[in-house]
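Trainee: Got a minute to go through this model with me? I'd like the overall layout before the details.
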Amino acid sequence: MDRRSTTVTAAGGAAPVPGRRVRLVFGMTSATERPAAIEQLVDTLGGRPVVLHHDFAKQPGLRIDRPNVHFTTESHVTGWGSWTLCLAVLSTIRYALEHLEFDYFQLLSPSCLPIRPLEDFEEYIARGEHDANNVHMDLYADPQQFMHFA
């Protein structure tokens, strides 16, 4: 299986400042997740900002009562495997860039729960020299490998 990892230096968040805690912003998309599941994840992030794109067409009454949660101003109707899910992710990134100050943006799903202290992740980011990490696969070379990660 050919998985490639790319680390990119890119515009977006600012470069981490030595001696200062890395300013993380987490992005998340949701459509049908239970509020309690989202709140559980948000609570494990220790008050760090979370930008949430929610598909209100699928779950109109979603409320997350946490001061560090920011809802995107756009709400796209999403579908698993459709390009609208990409629009939702881009909306979270756009909102973060326009409204928050941060050094690093990390996309999560509502089912992601940290298994190590976030301080370890912050230290890892602070030691790095890049703004973005991307793991990708060549689906043209082996279309079946997508099934291992879908």
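Mentor: We can go from the overall layout to the cores and then the salt bridges. Keep in mind that this is a predicted model.

Trainee: Fine. How many helices and strands does the protein have?

Mentor: The count is 4 helices and 6 strands. Starting at the N terminus, their order is β-β-α-β-β-α-β-α-β-α.

Trainee: What share of the residues is buried?

Mentor: Of the 150 residues in the protein, 31% are buried. The accessible surface is about 9400 Å², and carbon and sulfur atoms hold 57% of that.

Trainee: And the contacts, how much of them is between residues 24 or more positions apart?

Mentor: Taking contacts with a separation of 6 or more, 65% join residues 24 or more positions apart.

Trainee: Let's get to the inside. Which residues touch the most other members of the largest nonpolar core?

Mentor: That core has 17 residues, and the ones touching the most other members are Phe26, Met28, Ile38, Leu45, Val50 and Leu52. At least two core residues come from each of β2 (24-30), α1 (35-44), β3 (50-54), β5 (104-108) and α3 (118-127). There is also a second, separate core of 7 residues, with Val25, Tyr95, Ala96 and Leu100 among them.

Trainee: Is there a general pattern behind that?

Mentor: In soluble globular proteins, nonpolar side chains tend to be buried together.

Trainee: Take Val50, then. What is it in contact with, leaving aside neighbours within four places in sequence?

Mentor: Val50 contacts Phe26, Met28, Val42, Leu45, Asn68, Val69 and His70.

Trainee: I was also looking at Thr92. Buried or exposed?

Mentor: Thr92 is buried, because its relative accessibility is 0% and the cut-off for buried is under 20%. Thr92 sits in helix α2, which covers residues 83-99.

Trainee: What does Thr92 touch, not counting residues up to four places away?

Mentor: The list for Thr92 is Met28, Thr29, Val51, Leu52, His53, Thr72, Phe105 and Leu107.

Trainee: Change of topic: how many disulfides does the structure hold?

Mentor: It holds 0 disulfides. As for individual cysteines, Cys86 is partly exposed at 34% relative accessibility, and Cys112 is partly exposed at 30%.

Trainee: OK, charges now. How many salt bridges are there?

Mentor: There are 11 salt bridges in the structure. One of them pairs Arg23 with Glu101, with the closest N and O atoms 3.4 Å apart.

Trainee: Why does that pair tie together parts far along the sequence from each other?

Mentor: Arg23 is in the loop between β1 (3-8) and β2, while Glu101 is in the loop between α2 and β5, so the bridge links parts 78 residues apart in sequence. Arg23 is partly exposed at 25% relative accessibility, whereas Glu101 is exposed at 67%.

Trainee: And Arg66, which side chains does it meet?

Mentor: Arg66 forms a salt bridge with Asp43 at 2.7 Å, N to O. Because Arg66 lies in the loop between β3 and β4 and Asp43 in helix α1, this pair ties together parts 23 residues apart in sequence. Arg66 also bridges to Glu39, at 3.6 Å. Glu39 is in helix α1 as well, so that pair connects parts 27 residues apart.

Trainee: How covered are those three?

Mentor: Glu39 is buried at 17% relative accessible area. Arg66 is partly exposed at 25%, and Asp43 is partly exposed at 46%.

Trainee: Which residues do shared partners join into one network?

Mentor: Arg21, Arg48, Glu119 and Glu122 are joined into one network by salt bridges that share partners.

Terms used:
Residues are numbered from 1 along each chain as its sequence is written. This is a predicted model: local features need pLDDT of at least 70, side-chain atom pairs count only at pLDDT 80 or more; totals for chains, interfaces and linings use all residues. Side-chain values use heavy atoms; hydrogens and water are left out. Buried means under 20% relative accessible area, exposed over 50%, partly exposed in between (1.4 Å probe, protein chains only). Contact means heavy atoms within 4.5 Å. Accessible areas come from the Shrake-Rupley method with a 1.4 Å probe; for residues, only the protein chains shown count as cover. A nonpolar core is a set of buried Ala, Val, Leu, Ile, Met, Phe, Trp, Tyr and Cys residues joined through side-chain atoms within 4.5 Å. A disulfide is a pair of cysteine sulfur atoms within 2.5 Å. A salt bridge is a side-chain nitrogen of Lys or Arg within 4 Å of a carboxyl oxygen of Asp or Glu.
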